[in-house]
Amino acid sequence: MPETTPNILSIAGSDPSGGAGIQADLKSIAACGGYGMAALTALTAQNTHGVTGVHLPPADFVTAQLDAVAADVRVDAVKIGMLANVETIEAVGAWLAAQRTGSGPAVVLDPVMVATSGDRLTDDDAVAALRYLLSHADLVTPNLPELAVLLDTEPAATWADALEQAQRLATQADLLVLAKGGHLAGHDDGAAGGRCPDALVGPDGVVLELDDERVATTNTHGTGCSLSSAMATLYARFGDWPTALRAAKGWLTQALRDADSLDVGTGHGPVNHLGQLWDGRSVPDPRADLAHWWELIGDLRARIDGVWFVKELADGSLARADFEHYLAQDSIYLRTYSKVLSKAAQLAPTLAEQQFWAKSASECLEMELGLHEARLAEAEARGETPAGPDGAPASPETRSYLNHLLSAAAVGSYPVVAAAVLPCYWLYQDIGTRLAAANRPDHPYADWLGLYSSPEFDAATRQAIDITQRLARQAPPAEREAMLDAYLESSRQEMDFFAQRRP
Ligand SMILES: Nc1ncnc2c1ncn2[C@@H]1O[C@H](COP(=O)(O)OP(=O)(O)OP(=O)(O)O)[C@@H](O)[C@H]1O
Ligand SMILES: Cc1ncc(COP(=O)(O)O)c(N)n1
């Protein structure tokens, strides 16, 4: 990792069966790319069925642990879990107050009150103290019953209620609330097909909502601990809460999917924190996530929809001469693009990928032929003869796009070539869907618009995305950056290509 590994301190209780508490925190921090530390607030006697005993160190010994760490180690983020009584909460509060003068660590508070098993982990009279501790946190991650206790109300029965309660708490305490859907109807019943939403909510409302699948497993012990430590770690790495949530949620959902491959206890077992690393999947990194790449070009995509050519093509007002110019340039583009796809085929490590790129390269040439014929027909309709397939000169925009692709093919690695050719699939498919929707029987370019959307092209786009996604996840950081650069540059070139004017 080129970035400095963040130091994450968990202030929490111990679960000797390893699924929750500091054991879950340390595994989650490691899985998400942080260096984990732990100051113990409580020892529990606990397994996957429940808690049979709690032993608390004196509050001043909690402080002693925290002071020892802070005297020596830079702490980038703090995750707070089980705080069993008022004395411990006050000790942690006082320590946080001292740390948070100036640029102190980010603080995630998981207001643990009751374990999944139903056992109480916090004294009744500690709730008021926990409310006070909110003033030392940046993010609080209550489950639905805990959210209700903090607000002194009934637990939310619907997701809409949960969001409303989260906003109320965010306003009262002036911090971000992570509303969690784990306890909505269906929780822990192993039912498949449901959703498990989570949302970051601030005083002004929802900042980010993620509606992921509910994994059909009863092994959910420690999900709250794991999510909050993942959030602390990923925030320390990436510096913003929505990015941290996207990465944390993706990682946790996969850890839940992998949970049943562990064999730990006969009750609610733990999630598989490290399974993704064992499988060679890297630590969560939104910079390797193609959904994130797609969002990065959100503005550009909106701008492409507003480009004169795309608007006039959609509404049918595009002049024939402009259309023919586009066909000519696209035909030049496709001939070289096909060569770059052939380069991807040459570099592909597997037969399946080699076949995919080679087939795409050949389909480009077929499409080029189709375009050339369309140009001939267009010109003939106007009583002209267009230049032959090798005759039309490339416009500056076409040349610029092709130069970028050719340099990727000349000096780029296989992942970089894949990233460079991707926008031509993805943006074309995206725009094509909207253009095809604008089609009507009397549209002057009806035949042409029909070509824009085809199930085969959708499938090829999906495959190009999947290949590039796998390569981005596996790439070392420098190569991943080169992939992203190539992808962003191709996206800009797509935009310029659409926007070019006939000379
Ligand atoms: N079956 C599931 N499938 C997918 N995600 C889940 C599932 N159960 C819980 N989660 C997720 O786990 C995280 C913790 O949610 P939950 O609401 O269960 O918190 P919690 O009660 O604090 O956790 P714990 O189970 O540790 O008590 C959330 O991101 C939630 O969406
Ligand atoms: C030491 C400790 N801390 C927190 C929890 C809550 O986790 P869960 O709600 O998943 O049981 C726990 N069970 N034990």
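## Overall picture

Of the 503 residues in the protein, 43% are buried. Keep in mind as you look around that this is a predicted model. The chain forms 19 helices and 9 strands, and its C-alpha trace extends over about 95 × 45 × 45 Å along the principal axes. Among contacts with a separation of 6 or more, 72% join residues that are 24 or more positions apart.

There are two domains to keep track of: domain 1 covers 7-280 and domain 2 covers 293-499. Their centres, taken over C-alpha atoms, are separated by 45 Å.

## Surroundings of ligand 1

Let us turn to the ligands. Ligand 1 is surrounded by 20 residues, and the closest are Asn143, Lys180, Gly182, Thr223 and Gly224. Strand E8 (195-202), helix H7 (223-238) and helix H8 (241-257) are the elements that give two or more residues to this shell. By residue class, the shell around ligand 1 holds 6 nonpolar, 10 polar and 4 charged residues.

## Surroundings of ligand 2

Which residues come nearest to ligand 2? They are Gly13, Ala20, Gly21, Ala115 and Thr116, out of 18 residues around this ligand. E1, E2 and H7 each contribute at least two residues to the shell, and E1 gives the most, with 3 residues. The shell around ligand 2 is made up of 7 nonpolar, 10 polar and 1 charged.

## Helix H3 and its buried face

Helix H3 takes in residues 86-99, and its 14 residues should span 20 Å at 1.5 Å a residue; the end C-alpha atoms are 20 Å apart, which agrees. Its buried residues are Thr88, Ile89, Ala91, Val92, Trp95 and Leu96. Looking down the axis of H3, these buried residues fall within an arc of 160°, so they line one face of the helix. The face turned away from that buried side carries Ala97 and Ala98, which are exposed.

What do the buried residues of H3 pack against? Their partners are strand E1 (7-14), strand E2 (35-46), helix H2 (59-72), strand E4 (77-80), strand E5 (106-109) and helix H4 (127-133). If you have just come from ligand 2, you will recognise E1 and E2, as each supplies at least two residues to the shell there.

## Asn272, in a loop

Asn272 sits in the loop between H8 and helix H9 (275-278). Is this residue buried or exposed? Asn272 counts as buried because it has 22 C-beta neighbours inside 10 Å, where the threshold for burial is 20 or more.

Leaving aside residues up to four places away in sequence, Asn272 touches Ala255, Asp258, Ala259, Ser261 and Leu262. For a sense of distance across the model, the C-alpha atoms of Asn272 and Gln463 are separated by 29 Å, with their positions 191 residues apart along the chain.

## Helices H13 and H14

Helix H14 (351-381) has 31 residues and reaches 45 Å from its first C-alpha to its last, close to the 45 Å expected at 1.5 Å a residue. Phe356, Trp357, Ser360, Ala361, Cys364, Glu368, Leu371 and Arg375 are buried in H14. The buried residues of this helix pack against helix H13 (320-347) and H18. Following H14 comes Gly383, which has a positive phi, near 75°.

Helix H13 is also where you will find Tyr326. Tyr326 is buried, since 20 other C-beta atoms lie within 10 Å. From Tyr326 to Gly275 the C-alpha distance is 50 Å, for a sequence separation of 51 residues.

## Helix H18

Helix H18 covers residues 455-474; at 1.5 Å a residue, its 20 residues should span 28 Å, and the end C-alpha atoms are 29 Å apart, which agrees. Ala464, Ile467, Thr468, Leu471 and Ala472 are buried in this helix. Seen down the axis of H18, they fall within an arc of 135°, so the buried residues line one face. On the other side of H18 are the exposed residues Pro455, Ala459 and Asp466.

The buried residues of H18 pack against four helices named here in turn: H10 (290-296), H14 (351-381), H16 (414-437) and H19 (477-499). The link between H14 and H18 appears from the H14 end too, where buried residues pack against H18.

Methods: Residues are numbered from 1 along each chain as its sequence is written. Chains are lettered from A and ligands numbered from 1 in the order in which they are written. This is a predicted model: local features need pLDDT of at least 70, side-chain atom pairs count only at pLDDT 80 or more; totals for chains, interfaces and linings use all residues. The expected span of a helix is 1.5 Å times one less than its number of residues. A residue is buried if 20 or more other C-beta atoms lie within 10 Å of its own, exposed if 12 or fewer, and partly exposed in between; C-beta atoms are placed from the backbone. The arc is that of the directions from the helix axis to the C-beta atoms. Two residues are in contact if their C-beta atoms, placed from the backbone, lie within 7 Å. Domain bounds come from an automatic or database domain assignment. A residue is near a molecule or strand if its C-beta atom, placed from the backbone, lies within 6 Å of it. Ala, Val, Leu, Ile, Met, Phe, Trp, Tyr, Cys and Pro count as nonpolar, Asp, Glu, Lys and Arg as charged, and the others, Gly among them, as polar.
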